[in-house]
Amino acid sequence: MRSSMHKFIELEQSFPRLRSALARKRDFAEIDEVFTASASSAQASRCEQCAVPFCQTYCPVDNNIPDWLMLQAEGSARAAWERLSEVNALPEICGRICPQDRLCEGNCVLERAGHGTVTIGAIEKQIAEHAFASGWVTPIHPPFEREGSVAIIGTGPAGIAAAIRLREFGYRVTMYEAHDRAGGLMIYGIPNFKLDKKVVQRRVQWLCDSGVSIELNCRIGEHKSFAELREQHDAVLVATGVYSARRLSITGEDGRGVVPAFAYLQHSDRCYLGDKLSDEQHLAMSAKDKRVVVLGGGDTAMDCVRTAQRQGAKSVLCLYRRDRASMPGSRREVAKAEEEGVSFAFLYSPLSLLGASSDATNSGIITGVRMQKMRLARAGADGRTLPIAIAGSEEDFASDFLITALGFEAEDLRTRFSEPELPTSDWGTLVVCKPSMRSSMGDVFAAGDIVRGASLVVWAVREGMDAARGIHAYLQKAPLSEELFDQQKDGQEHSRGLIA
Ligand SMILES: Cc1cc2nc3c(=O)[nH]c(=O)nc-3n(C[C@H](O)[C@H](O)[C@H](O)COP(=O)(O)OP(=O)(O)OC[C@H]3O[C@@H](n4cnc5c(N)ncnc54)[C@H](O)[C@@H]3O)c2cc1C
Ligand code: SF4
């Protein structure tokens, strides 16, 4: 064992300084600081250097964590960065927003033994930030340019990770993005206080400097056809994510004062990014001075409640239909929401909207929501406890701004792309083989949420990198060893469980 390591006995675990809840609520800045180089090296030296590192096993990109922790602890910052970026195309982002408590850190042996996990995510973030600040992250210059052009639909983490690796191989890469900014949910969705937009924009700029073309405001299936794309490029990667919001299915849900989570968060992001929006948009979409109720218990719901607090809501209440222990998101995110003053009530399911519910024209603003008390029965087929309604247990909650965060589903891509051959699952996700991520259409590949269902950035990164290797093998006519990606097993098992 190197003497620089194994320091968990004499050195206590520490995280980067977290701003006070009061200060956090006043702005949208990231809530924690970056470790100093010395703190990062010291914390890295706590690593036990396990022969079988569970942190790595539970990291979706199979990050060789003990290796770069040791390099960082020894003061070899550049070597640590090189080792880290070999396996993870977006370490500066994963270090910030992976739910480490459920992945690498939750499975660190030190955590299990009660010493407190090595703070892997924070060290990863510091190594990456130090690399950017030191000018080590230079644009990609592949050793030679290859024949072959690849189209990527979608500029989220799956598309970006694939573009990085394909460019490194030397292919021409064009990305097509429906929105006016690149970054997918990292730019419109995940709030700035978790992931600074500048971090995403810096990576997108670097991608452009590396020779990747990005066509913004270009929705495939509307501004350009899928067939045209296949004619113009040698391979196509579909990385479109999942955006169809699950609905409440109660009267009045399209009325005033009821807002789906994505639209709400996107509006907030646009405000933060300085877009000019009308007074009507602000009135309809801002939580300022409103009594906010958020329905749902996943990470998206946590992002909504914490955004509402920052916008100056009068009160913020999160209602979830299961109990606290069954919440599908990260425990750390729930704890931060509570610190910031969000209230929670468990075992409630929506019955009807008050105020607007009886108004068929949906012209009135809601005044509240009627909820039914639930109890939990034995686990259902998905292994989760089943909420059962308790008859006669209705309760009203006052609200003039209701945000629905019930999860997302895939849109109907066969129709969107006018391509009936596109292989889709019962959930509308695309069916591919792993690890190549190739579909039965041969030149069409897919990665990220559109394959696995609503999941995590780090899984999108993993599949984007896998797809790049699959596309490379396909274009080089190399044999591909493939087995079917099982959406239920490979996807849902690791999904964020956004279903409320
Ligand atoms: C509110 C919220 C918070 C989250 N927080 C976290 C978190 O803290 N940590 C974490 O790991 N994960 C988080 N996630 C999940 C994570 O953001 C996703 O799993 C990840 O972004 C999926 O990446 P993707 O590349 O597959 O798709 P996306 O990031 O969704 O990107 C898809 C892109 O494709 C574009 N597109 C769609 N259709 C077309 C078309 N027809 N033509 C052109 N472009 C198209 C979209 O505009 C979008 O830019 C969060 C998700 C949400 C909604
Ligand atoms: S990529 Fe995510 S899960 Fe893997 S080591 Fe980094 S923070 Fe942990």
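This dialogue reads a few features of a predicted model.

Trainee: Which residues surround ligand 2?

Mentor: The shell consists of Cys59, Asn63, Ile65, Asn88, Cys94, Cys98, Gln100, Leu103, Cys104, Ile120, Glu124 and Val458. By class, eight of the residues around ligand 2 are nonpolar, three polar and one charged.

Trainee: At what angle do helix 9 and helix 10 pack?

Mentor: Start with the general idea: an α-helix has 3.6 residues a turn, so residues three or four places apart point the same way. Here, helix 9 (residues 157–169) meets helix 10 (residues 197–209) at about 35°, and their axes are 11 Å apart. Their crossing is left-handed. Helix 9 contributes Ile160, Ala163 and Ile164 to the contact, and helix 10 contributes Arg203, Val204, Trp206 and Leu207. Six of these contact residues are nonpolar, none polar and one charged.

Trainee: Why is helix 14 described as largely enclosed?

Mentor: A residue counts as buried under 20% relative accessible area. In helix 14, 13 of the 13 residues are buried, so the rest of the structure largely encloses it. The length of helix 14 (residues 299–311) can be checked too: at 1.5 Å a residue it should span 18 Å, and its end C-alpha atoms are 18 Å apart, which agrees. After helix 14 comes Gly312, with a positive phi near 90°.

Trainee: Is Val173 buried or exposed?

Mentor: Val173, in strand 2 (residues 172–176), is buried, with a relative accessible area of 3%. Beyond its neighbours within four places in sequence, Val173 is in contact with several residues, including Val150, Ala163, Leu166 and Val212. Of these, Ala163 is also one of the helix 9 residues in the contact with helix 10.

Note on methods. Residues numbered from 1 in each chain as written. Chains lettered and ligands numbered in written order. Predicted model: local features only at pLDDT ≥ 70, side-chain atom pairs only at ≥ 80, totals over all residues. Heavy atoms only, no water. Near = heavy atom within 4 Å. Nonpolar A, V, L, I, M, F, W, Y, C, P; charged D, E, K, R; others polar. Axes fitted to C-alpha atoms, helices over the stretch in contact; angles between N-to-C directions. Helix = DSSP H or I, 4+ residues; strand = E, 2+ residues; numbered from the N terminus. Left-handed = near helix turned anticlockwise from the far one by under 90°. Contact = heavy atoms within 4.5 Å. Expected span 1.5 Å × (residues − 1). Buried < 20%, exposed > 50% of the residue type's maximum accessible area, 1.4 Å probe, protein only.
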